[in-house]
Amino acid sequence: RFLGDPVSAKDIMASILIITGVVVCVLGGPSSDGNASPFPSADLLKSYVLVVALACGLLTVVLTVLRNVGGTLDALAQAFLAGVLESTDVAASKFIGPALTAPDATWLSI
């Protein structure tokens with residue numbers, strides 16, 4: 001029990017996966033040497049957009065097919081879709097942060 005609520009093995013596994021994801025992101029982030037470009041390459045961005053679009057499309061189809069079924073597969077598809085959509089927030093922040101701190105930043109350039 002944690003704070004009065006029961007804790008299952010699934011809860012512990014989910015927590016471990018979240019912590020692992022955070023560690024991978026922190027360790028695999030950009031270097032702080034200052035020589036790296038603050039923006040990813042155009043090819044990398046195009047690949048990311050394609051993968052996100054395909055993943056969202058596939059998960060939308062799965063959720064549409066399972067809309068009256070419910071259960072574990074439906075919940076898993078919803079969780080994956082939420083994760084994919086949240087990754088777009090992280091990717092957008094990687095563009096917005098450097099754009100805001102650029103010396104020549106204006107409201108229109110951001």
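1. Read from its start, the protein chain follows the pattern α-α-α. It has three helices and zero strands. The model is a predicted one, and the points below should be read with that in mind.

2. Burial is limited to part of the chain: buried residues make up 10% of the 110 residues. The accessible surface of the protein chain comes to about 8,900 Å². Carbon and sulfur atoms account for 72% of that surface. Among contacts between residues at least 6 apart in sequence, 56% join residues at least 24 apart.

3. Helix α3 covers residues 72-101, which is 30 residues. From its first C-alpha to its last, α3 reaches 44 Å, close to the 44 Å expected at 1.5 Å a residue. The buried residues in α3 are Asp74, Ala77, Leu81, Val84, Ala91 and Ala99. These buried residues pack against α2, residues 42-65.

4. Helix α2 has 24 residues, which should span 34 Å at 1.5 Å a residue. The end C-alpha atoms of α2 are 35 Å apart, so the span agrees with that expectation. Val52, Cys56, Leu59 and Leu63 are buried in α2, and what covers the buried residues of this helix includes α3. On spacing, an α-helix has 3.6 residues a turn, so residues three or four places apart point the same way.

5. Which residues form the largest nonpolar core? There are seven: Val52, Cys56, Leu59, Leu63, Ala77, Leu81 and Val84. Helices α2 and α3 each supply at least two residues of this core, and the largest share, four residues, comes from α2. As background, nonpolar side chains tend to be buried together in soluble globular proteins.

6. Val84 is a useful residue to inspect in this core. What does Val84 touch, leaving aside its neighbours within four places in sequence? Its contacts are Val52, Ala55, Cys56 and Leu59. Of these partners, Val52, Cys56 and Leu59 are also listed in the core.

7. Is Leu58, in helix α2, buried or exposed? Leu58 counts as exposed because its relative accessibility is 56%, and the cut-off for exposed is over 50%. Leu58 and Leu81 are 23 residues apart in sequence, and their C-alpha atoms are 9.4 Å apart in space. Leu81 itself is among the buried residues of α3.

8. Thr64 also lies in helix α2. Thr64 is partly exposed because its relative accessibility is 40%, and that class runs between the 20% and 50% cut-offs. Thr64 and Asp74 are 10 residues apart in sequence and 9.6 Å apart in space, C-alpha to C-alpha. Asp74 is one of the buried residues of α3.

9. A nonpolar patch lies on the surface, with an area of about 740 Å². Phe2, Leu3, Val7, Ile12, Met13, Ile16 and Leu17 make this patch. Ile12 belongs to helix α1, residues 9-27. With a relative accessible area of 46%, Ile12 is partly exposed, because this value falls between the 20% and 50% cut-offs.

Notes: Residues numbered from 1 in each chain as written. Predicted model: local features only at pLDDT ≥ 70, side-chain atom pairs only at ≥ 80, totals over all residues. Heavy atoms only, no water. Expected span 1.5 Å × (residues − 1). Buried < 20%, exposed > 50% of the residue type's maximum accessible area, 1.4 Å probe, protein only. Contact = heavy atoms within 4.5 Å. Patch = residues over 30% accessible without salt bridge, like charges linked within 9 Å, V, L, I, M, F, W, Y side chains within 5 Å. Areas by Shrake-Rupley, 256 points an atom, 1.4 Å probe, with all protein chains shown as cover. Salt bridge = Lys/Arg side-chain N within 4 Å of Asp/Glu carboxyl O. Core = buried A, V, L, I, M, F, W, Y, C linked by side-chain atoms within 4.5 Å.
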